[in-house]
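The exercises below concern strand pairing and charged side-chain contacts. Each task is followed by a solution in steps.

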Amino acid sequence: MTDIGSHAEGRYTSGRSAERSRGSTGATRRTVLIALVANAVIAVVKLAGGLLSGSTALLAEAAHSLADTSNQGFLLVSIALGTREPSPEQPFGYGRQRYLWTFMAAVAMFLAGAVFAIGYGAYQIASGGEAGGYGVAYVTLAIAFAAEGTSWLRALRQTRREAREAGLSHLDYVRESRDPNVKMVLFEDSAALVGVTIALAGIVADQVTGSSLFDPMASIAVGLLLVGVAVWMGRDASQLLIGGAARPDEVRALEEVLDRFEEVDEVVELLTLVLAPNALLVAARVDLARGLDDDRIEEVAEEIDRRMREAVPDVTEVFLDPTARARPGL
């Protein structure tokens with residue numbers, strides 16, 4: 001038998017999925033914008049504080065915030081490009097732009113933030129530079145912590161709300177979510193708060209001991225933190241960029257839909273592919289019961305399509321391949 005595609009809705013998102021996608025994208029854009037503004041302000045404050053105090057860790061944190069600001073710019077570009085309508089050249093849309101630009105942001109974080117922080121910290125240790133102006137450094141860190149915390153709380157609230165809507169725990173949702181932008185903001189801001197704490201510890205240790213070693217060591221620690229976050233984010237984005245599958249719970253829901261049809265004797269193969277944060281392609285090869293005429297096969301295909309979209313609202317493309325296996329005695 002020939003393939004039966006997803007009929008009337010086969011080349012665009014269903015109404016409910018499109019509405020969910022637009023709502024999710026709007027919330028994501030606001031979260032990224034808040035992060036961009038916060039990081040831009042923080043970068044200027046940290047740079048001024050680092051130059052005035054001579055703190056290596058503060059200058060490393062300025063590079064960190066500058067990298068974060070650039071990353072938010074990448075993410076805004078990805079949202080704009082990813083929401084374009086499908087075209088003959090891109091029949092399944094441009095949703096994977098979100099993963100491409102997130103991967104590029106991870107690379108930028110590594111190069112612009114981690115390399116500078118580690119390299120400059122190592123240089124300061126070798127050259128024996130001295131820091132001062134501790135009051136300026138503490139005020140700078142307090143401002144940075146407040147601004148980073150505001151952005152972090154916004155991302156945290158959004159991921160918690162989306163986790164409830166998905167029926168997952170917050171930790172599972174952050175780990176399995178297909179929205180790279182909010183995850184990136186959450187992890188960047190978490191790393192930034194940890195980085196501010198590391199910088200504070202280095203500056204306090206320098207002031208207490210009179211040594212000039214702990215501040216540049218804190219810079220190196222911040223750089224290593226950025227390396228870890230950049231590697232994690234790059235790995236997460238690359239898995240979806242090259243063609244990730246639906247979550248296990250979504251696959252089970254789709255299998256249950258097929259199992260409920262008496263006309264389906266066996267599910268030979270069920271494949272899923274992530275097209276965008278709120279878009280999934282489903283391809284199923286099924287062994288149908290004998291005796292079904294073409295009209296009934298068409299009806300079953302349409303009903304399977306509808307129920308799959310209801311079971312997993314992110315499903316936007318359904319392709320069925322009904323097969324007639326050879327049976328003994330035929």
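**Exercise 1.** Find the residue that is the bridge partner of Ala 284 in β3, and the residue whose bridge partner in β2 is Ala 284.

*Solution.* The model is a predicted one.
Step 1: in β3, Ala 284 has Leu 320 as its bridge partner.
Step 2: Ala 284 of β2 is also the bridge partner of Leu 270.

**Exercise 2.** In which sense, parallel or antiparallel, does β2 pair with β3, and in which sense with β1?

*Solution.*
Step 1: strand β3 covers residues 315-323, and eight bridges tie it to β2 in the parallel sense.
Step 2: β1, residues 264-276, runs antiparallel to β2, and ten bridges join the two.
Step 3: now take the connections. Two residues lie between β1 and β2, which form a hairpin. Between β2 and β3 the unit includes helix α9, residues 294-311, and this β-α-β unit is right-handed.

**Exercise 3.** Explain why β2 is described as largely enclosed by the rest of the structure.

*Solution.*
Step 1: the cut-off for a buried residue is under 20% relative accessible area.
Step 2: of the ten residues of β2, residues 279-288, eight are buried, so the strand is largely enclosed by the rest of the structure.

**Exercise 4.** For the salt bridges Glu 299 to Arg 296 and Arg 306 to Glu 310, state the N to O distance, the spacing in helix α9 and the exposure of each partner.

*Solution.*
Step 1: Glu 299 and Arg 296 meet at 3.0 Å, N to O. Both belong to helix α9 and are three residues apart, about one turn.
Step 2: Glu 299 has 43% relative accessibility and therefore counts as partly exposed. Arg 296, at 32%, is also partly exposed.
Step 3: for Arg 306 and Glu 310, the closest N and O atoms are 2.5 Å apart. These residues are separated by about one helical turn because they are four residues apart in helix α9.
Step 4: Arg 306 is partly exposed at 38%, and Glu 310 is partly exposed at 44%.

**Exercise 5.** Which residues do salt bridges with shared partners join into one network?

*Solution.*
Step 1: the network consists of Glu 176, Arg 178, Arg 247, Asp 249, Glu 250 and Asp 314.
Step 2: one salt bridge links Asp 249 and Arg 247, with 3.1 Å between the closest N and O atoms.
Step 3: Arg 247 is buried, with a relative accessible area of 12%, whereas Asp 249 is partly exposed at 26%.
Step 4: for the whole structure, the search finds 18 salt bridges.

Definitions and conventions
Residues are numbered from 1 along each chain as its sequence is written. This is a predicted model: local features need pLDDT of at least 70, side-chain atom pairs count only at pLDDT 80 or more; totals for chains, interfaces and linings use all residues. Side-chain values use heavy atoms; hydrogens and water are left out. Buried means under 20% relative accessible area, exposed over 50%, partly exposed in between (1.4 Å probe, protein chains only). Two strands pair if DSSP finds at least two bridges between them. A crossover is right-handed if, with the strands pointing away from the viewer, the path from the first strand over the helix to the second runs clockwise. A salt bridge is a side-chain nitrogen of Lys or Arg within 4 Å of a carboxyl oxygen of Asp or Glu.
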